[in-house]
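Biologist: Let us go through this model together. I will ask, and you answer from the coordinates.

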Amino acid sequence: MWATGHVHCAIARVTSPRALDFAMLLAVSDPKLAARPNRASAPARPHASRPTRVATRASSFDPKNNAGRTEPPFVFSSRRGVLRAVSSALLVPVLIKPPPASADDLFCGYYVENKSVTPQWAFKTPWSEGAVDVSVSTKLKDAKTFLRILGKREPALDAGHLPVLCLHGGPGLGFKYMESLEILASETREVASYDQIGCARSSLSNLESAQNSLTFTPELFQNELHQLRQTAELEKVHIVAHGWGCMLALDHVLGGNGFGNGVASLTLVSCPPSYKQLIEDRRLALEKMPDNFRQVLLDGDANGSGGDNLSLAGKSLYASAWQEWTIRHESQKAAGACFAGLSIGGAGAGIGARRGDAATEVGTKSARKVFRDLTGGMYFTEGGSLAGWEADVNGRLGQISSKVPGTRVVRGENDALSEQSVGELVGGMTRSDMKSRVQFTQVADAGSCVFLDKSADFLEATNEFIQQYDDVL
């Protein structure tokens, strides 16, 4: 399923999708499609439109020339060249009605929150979203990953701007809580995001038989990320990652399998040196909580029960304790539009779910399975397939500058992940550098989600940082 569209006009409602100059591969056997230029080789000039099998609606509908029609005619267009499927074709695209949007919703209310006027490009920037079949790469039946790209390729090529690829944290969240990062798209850059398989709009409904077995591993998400980059022709990118997404990013670029080639810069927000150290830091932060909150969080965390082992009163206290933890260490923006994404299940479930939709039962079960497999279902005890994970395994952190031209590590001062731990990570990255290309920034009055608590400062600094590395590859 694939949809394209744009947010248009000052009343901030999404209208019918426009012709977005977008193509997707439905069958790799089509020689005309296969011969088209990819991202890496495409010239920095306007892209000539050719017929493809992607049907999108035109935004230039003229009722005078279409008497009797109530909808714009279908047009055929190409946007970013062929999206090459690695081992399986993308889903057949089906036009779906774009969700409504308001100024408060755009970019998680960034412009409203910062008391500034939402620029016109924010209403007009084209977007494309749909599902990539990752069944073969992940070995999961009917696995389809939700992928969204905001922006247009041709202006980005003309400006010499590489796309930004966002990796969300969790495990078990979706991208929703990081939506403000789409502001980096502006008018001349693309921003790509996806919900990791099993999460939010990439949830799986056929996991009942696998509830007691280990399904999700770091290696599985590596394979998914590799296929997404190939399919979407994201050969050269900037990566912005948060939390668990930072661990995924480091495995991606330092895994030694070639998957992480073509990364111009890394921005790592709340990145631990090891999973063990992250758990130890959380335990230390927990000691500063009120006694009743600390104890109920530990009790509810036991054996991966997620609070289900508590009494009715205990569950109520558990919910209050989690809210306090989140505000103290994750984000103070409890009323922000993005904040709703900081929950297991994320923004709805299944392709076609709108970003404001609540998590469904299927989506919640699927995301909880991701969380349980990777963490053992526990937040304050090391477990699951992430147990033993280390950023510097085999001394690989010392290779970061030879793999990635620029790396920026960001920590909010209220993050449960300690400054000492982040310093250990940065130290491993810089120990082999004659001239370090690794930056470390600590942000005051911010939790783990710096991009929420200090969104304007973070986005401005990130934009300046990635611009330095647009032409290094």
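What follows is a set of short questions and answers on this predicted model.

Biologist: How many helices and strands does the protein have?
Modeller: The chain runs to 473 residues, and 56% of them count as buried. Among contacts between residues at least 6 apart in sequence, 77% join residues at least 24 apart. The secondary structure comes to 15 helices and twelve strands.

Biologist: Over which residues does pLDDT stay under 50?
Modeller: Mean pLDDT for the protein is 75. A value of 70 or more is reached by 67% of the residues. For the stretch under 50, the model has 257 contacts beyond four places in sequence. That stretch is residues 4-105.

Biologist: How many disulfides does the structure hold, and is Cys271 buried or exposed?
Modeller: The closest cysteine sulfur to that of Cys271 belongs to Cys246, 4.4 Å away. A disulfide needs the two sulfurs within 2.5 Å, so this pair is too far apart for a bond. The structure holds zero disulfides. With 1% relative accessibility, under the 20% cut-off, Cys271 is buried.

Biologist: And Cys199, buried or exposed?
Modeller: Its relative accessibility is 0%. The limit for buried is under 20%. Cys199 therefore counts as buried.

Biologist: At what angle do H6 and H7 pack, and what does that make them?
Modeller: H6 spans residues 218-231 and H7 spans residues 244-254. Their axes are 10 Å apart, at an angle of about 70°. Angles of 65 to 115 degrees count as roughly perpendicular, so H6 is, relative to H7, roughly perpendicular.

Biologist: Which residues make that contact, and what are their classes?
Modeller: H6 contributes Pro218, Phe221, Gln222, Leu225 and Arg229. From H7 come Trp244, Leu248, Asp251 and His252. By class, the contact of H6 with H7 has five nonpolar, two polar and two charged residues.

Biologist: Which helices do the buried residues of H9 pack against?
Modeller: H9 covers residues 291-301. Its buried residues are Phe293, Arg294, Val296, Leu297, Gly300 and Asp301. Just after H9, Asn303 takes a positive phi of about 60°. The buried residues of H9 pack against H8 (275-286) and H10 (312-330).

Biologist: Which residues does a cis peptide bond join, and what is omega there?
Modeller: Look in the loop between strand E7 (164-167) and strand E8 (191-195), where Pro171 lies. The cis bond joins Gly170 and Pro171, with omega of about -5°.

Biologist: What is the phi of Ala200, and is the residue buried or exposed?
Modeller: Ala200 sits in the loop between E8 and H6. Its phi is positive, about 50°, although the residue is not a glycine. Relative accessibility is 0%, so Ala200 counts as buried.

Biologist: Where is Asp445, and what is its relative accessible area?
Modeller: Asp445 also takes a positive phi, about 55°, without being a glycine. Its place is the loop between strand E12 (438-443) and helix H14 (450-453). Partly exposed runs between the 20% and 50% limits, so Asp445 falls in that class, with 45%.

Biologist: Which residues is Ser366 in contact with, leaving aside neighbours within four places in sequence?
Modeller: Ser366 is found in helix H11. The residue is buried, with a relative accessible area of 1%. Gly172 is 194 residues away in sequence, yet the C-alpha atoms of the two are 8.3 Å apart. The contacts of Ser366 are Gly198, Ser203, Leu204 and Leu207.

Biologist: Which residues is Ala387 in contact with, on the same terms of leaving aside neighbours within four places in sequence?
Modeller: Ala387 is found in the loop between helix H11 (361-375) and helix H12 (400-403). Its relative accessible area is 40%, so the residue is partly exposed. Gly376 lies eleven residues away along the chain, with 8.7 Å between the C-alpha atoms. The contacts of Ala387 are Tyr275 and Glu382.

Note on methods: Residues are numbered from 1 along each chain as its sequence is written. This is a predicted model: local features need pLDDT of at least 70, side-chain atom pairs count only at pLDDT 80 or more; totals for chains, interfaces and linings use all residues. Side-chain values use heavy atoms; hydrogens and water are left out. Buried means under 20% relative accessible area, exposed over 50%, partly exposed in between (1.4 Å probe, protein chains only). Axes are lines fitted to C-alpha atoms, for helices over the stretch in contact, and angles run from 0 to 180 degrees between N-to-C directions. Helices (H or I, at least four residues) and strands (E, at least two) are DSSP runs, numbered from the N terminus. Angles under 35 degrees count as roughly parallel, over 145 as roughly antiparallel, 65 to 115 as roughly perpendicular and the rest as oblique. Contact means heavy atoms within 4.5 Å. Ala, Val, Leu, Ile, Met, Phe, Trp, Tyr, Cys and Pro count as nonpolar, Asp, Glu, Lys and Arg as charged, and the others, Gly among them, as polar. pLDDT is the predictor's confidence in each residue, from 0 to 100.
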